[in-house]
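Please open the model in a viewer that allows selection by residue number. The tour below proceeds from one selection to the next and states what is to be found at each stop.

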Amino acid sequence: MLRAVDRDLWVAEQPLRYFGLSIGTHMTVIRQAGDELVIISPLQLSEALASELGELGTVAHIIAPNLYHYLFAADFKAAYPAATFWATAALRVKKPELPIDRAIGHRQGFANAPSPDNPWPGLEYLFFDGFKTLAPSGPDPLDEWVFFHVASRTLILTDTAFCFDENSAWLTQLVTKIGGGYKSLSPSLLERVATTDKETVKAAVEQVLRWNFERVIVAHGSIVDQGGREQFKQGYERFLGCTL
């Protein structure tokens, strides 16, 4: 189930449907010093997945990076009670029943954390402010944190961008050819409709582009192994309607 992407970096995938489309979803696993594992966007935990994780190390951190990717985080926390469950701060309001240990914090200081030190050495992160998606109830903030695995030069996204291709279901290919996200590392039509604060998003994109990444792992779609920074830049130039 786990697939090695680079040294100390793996992904797992499971089926997912959204608005009737088959989009799949990825979980990212990073191994740090002492064989501690960081889990971003946890999937449904099976015996097979738990066994594979056990062979890699100890699950120490479980991260729900936005207001949508939390469905299996509580199950992970129950299976690994010693792990720290991190979440974007607004998830505590949206889902107060979740056993969240700490809110992900800004670089100048973490909410509820004992020190301003990075809790995941070698894994940089920032808040992608201003970005929204179109939910059944209307425009909805994603409150997403994005990550950069320095050693492998990998940007890790959740719903900030998608990249569907010929490996996707035919209907997903058709819809994303029309609405965006087909063979293009970019937001979809849902985000284009919902996101109005383009200046704030532009500032967030400019911060992401300061990272020297080559690969991009997206939660939905195919991993971009080469040229990821330029593809991300081009996708957001089209989204924002300006040069970055």
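## First stop: strand S7

Begin with S7, where six of the seven residues are buried, so this strand is largely enclosed by the rest of the structure. To find S7 in this predicted model, select residues 58-64.

Next, add the neighbours of S7. Strand S8, residues 84-87, pairs with S7 in the parallel sense over four bridges. Within this pairing, Ile62 stands opposite Phe85 of S8. Strand S6 also pairs with S7 in the parallel sense, here over five bridges. In that pairing, select Ile40 and Ile63; the former stands opposite the latter, which belongs to S7.

## The seven-stranded sheet

Now widen the view to the sheet around S7. In what order do the strands of this open sheet run? The order is S1-S2-S5-S6-S7-S8-S9, seven strands in all, and the pairing is mixed. The edges are formed by strand S1 (3-6) and strand S9 (102-103), each of which pairs on one side only.

Select residues 47-56 to display helix H1, which packs on this sheet. Helix H1 touches strand S2 (9-14), strand S5 (25-31), strand S6 (36-40) and S7. The direction of H1 makes about 25° with that of S5.

## The four-stranded sheet

Proceed to residues 123-128, which form strand S10. Five of the six residues of S10 are buried, so this strand too is largely enclosed by the rest of the structure. Its partner is strand S13, residues 144-149, and the two pair in the antiparallel sense over six bridges. Leu126 has Val146 of S13 as its bridge partner.

These strands belong to an open sheet of four strands, in the order S10-S13-S14-S15, with mixed pairing. Which strands stand at the edges of this sheet? They are S10 and S15; each has a single partner strand, so one side of each is left without a neighbour in the sheet. On average, neighbouring strands here are turned by 20° against each other, direction ignored.

At the other end of the order, examine S14 and S15, which pair in the parallel sense over three bridges. Select Leu155 together with Val216 of S15, its bridge partner. Helix H6 packs on this sheet and touches S10, S13 and S14. The direction of H6 makes about 170° with that of S10.

## Helices H6 and H7

Select residues 198-208 for helix H6 and residues 228-240 for helix H7. The axes of the two helices come within 11 Å and cross at roughly 170°. An angle over 145 degrees counts as roughly antiparallel, and H6 is therefore roughly antiparallel to H7.

To see the contact itself, show the side chains on both helices:

- On H6, the residues in contact are Lys198, Val201, Lys202, Val205 and Val208.
- On H7, they are Phe232, Tyr236, Phe239 and Leu240.

How do the residues of this contact divide into nonpolar, polar and charged? Seven are nonpolar, none is polar and two are charged.

## Three loop residues

Just ahead of H7, select Gly227, which is found in the loop between strand S15 (215-217) and H7. Is Gly227 buried or partly exposed? With a relative accessible area of 28%, Gly227 is partly exposed, because the buried class ends at 20% and the exposed class begins over 50%. Then add Arg215, twelve residues away along the chain; the C-alpha atoms of Gly227 and Arg215 are separated by 6.9 Å.

Move next to Asp143, in the loop between strand S12 (138-141) and S13. Asp143 is not a glycine, yet its phi is positive, at about 50°.

The third residue is Arg153, placed in the loop between S13 and strand S14 (154-156). Its phi is near 55°, a positive value in a residue other than glycine. Arg153 counts as partly exposed, at 34% relative accessibility.

## The whole protein

Finally, clear the selections and display the complete protein. How many helices and strands does its secondary structure hold? There are seven helices and 15 strands. Of the 244 residues, 54% are buried. Among the contacts with a separation of 6 or more, 54% are between residues 24 or more positions apart. The accessible surface comes to about 11,000 Å², and 51% of this surface belongs to carbon and sulfur atoms.

Methods: Residues are numbered from 1 along each chain as its sequence is written. This is a predicted model: local features need pLDDT of at least 70, side-chain atom pairs count only at pLDDT 80 or more; totals for chains, interfaces and linings use all residues. Side-chain values use heavy atoms; hydrogens and water are left out. Buried means under 20% relative accessible area, exposed over 50%, partly exposed in between (1.4 Å probe, protein chains only). Contact means heavy atoms within 4.5 Å. Accessible areas come from the Shrake-Rupley method with a 1.4 Å probe; for residues, only the protein chains shown count as cover. Two strands pair if DSSP finds at least two bridges between them. Axes are lines fitted to C-alpha atoms, for helices over the stretch in contact, and angles run from 0 to 180 degrees between N-to-C directions. Angles under 35 degrees count as roughly parallel, over 145 as roughly antiparallel, 65 to 115 as roughly perpendicular and the rest as oblique. Ala, Val, Leu, Ile, Met, Phe, Trp, Tyr, Cys and Pro count as nonpolar, Asp, Glu, Lys and Arg as charged, and the others, Gly among them, as polar.
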